[in-house]
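Hi,

Here is the structure I promised to pass on to you. Please have a look at it first, and then read my notes below.

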Amino acid sequence: QVQLVESGGGLVQAGGSLRLSCTASGNIVSIVTMAWYRQAPGKQRELAAEIPRAGSTNYADSVKGRFTISSDNAKNTVFLQINNLKPEDTGVYYCKQKVQSAGRLWPAEYWGQGTQVTVSS
């Protein structure tokens, strides 16, 4: 089994920055993709950014230029640097990793528990 643990959320003023991190642990052979999703109050969860092990990063239009996703593959960790935070960035941020683990034929997707980001105006 694979577990994801997130950290880095909090309460910040508009214009501030946060750095979220998410580390996977368990019987991991390799990680195929890492991504951050977010869910604003009363809205559906949406993709914010993703980074495949091979390939280019992908960002939602609403976060381009302010969010930067990066990874430390040796530590099975993905980061999300968020700059110039806006009140509309408020929500729960979830990490998702697609992981090939030992004993499984195919990669599976795992979610973190979510970390709250609140931006005050």
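Let me start with N27, which touches Q1, Q100, S101 and A102 once residues up to four places away in sequence are left out. N27 sits in the loop that links β3 (18-26) to β4 (28-39). Please keep in mind that this is a predicted model.

Is N27 buried, exposed or partly exposed? Its relative accessibility is 46%, and because that value falls between the 20% and 50% cut-offs, N27 counts as partly exposed. There is also a pairing in space to look at: N27 and Q3 are 24 residues apart in sequence, and their C-alpha atoms are 9.5 Å apart.

One of the contacts of N27 is Q100, so I went there next. Q100 belongs to strand β9, which covers residues 91-101. With a relative accessible area of 16%, Q100 is buried, because the limit for that label is under 20%.

What does the side chain of Q100 reach? It comes to 2.9 Å from the backbone oxygen of R104. Leaving aside residues up to four places away in sequence, Q100 touches N27, I28, V29 and S30, and also L105, W106 and P107. If you want to display the two residues together, N27 is the partly exposed one and Q100 is the buried one.

Now for the chain as a whole. How many helices and strands does the protein chain have? There are 0 helices and 11 strands. The radius of gyration is 14 Å, close to the 14 Å that the globule rule gives for 121 residues, so the chain is as compact as a globular protein of that length. Along the principal axes, the C-alpha atoms fill a box of roughly 50 × 25 × 25 Å.

As for burial, 42% of the 121 residues count as buried. Among contacts with a separation of 6 or more, 57% are between residues 24 or more positions apart.

Two surface and charge numbers may be handy for your setup. The protein chain exposes about 6,400 Å², and carbon and sulfur atoms supply 47% of that area. The chain carries 12 positive and 8 negative charges, and the mean positions of the two sets are 3 Å apart.

Happy to talk any of this through whenever it suits you.

Best wishes

Key. Residues numbered from 1 in each chain as written. Predicted model: local features only at pLDDT ≥ 70, side-chain atom pairs only at ≥ 80, totals over all residues. Heavy atoms only, no water. Helix = DSSP H or I, 4+ residues; strand = E, 2+ residues; numbered from the N terminus. Buried < 20%, exposed > 50% of the residue type's maximum accessible area, 1.4 Å probe, protein only. Polar contact = N/O pair within 3.5 Å; in protein donor to acceptor, adjacent residues only side chain to side chain. Contact = heavy atoms within 4.5 Å. Rg over C-alpha atoms; globule rule 2.2 N^0.38 Å. Areas by Shrake-Rupley, 256 points an atom, 1.4 Å probe, with all protein chains shown as cover. Lys, Arg positive; Asp, Glu negative; His and termini not counted. Charge placed at Lys NZ, Arg CZ, Asp CG, Glu CD.
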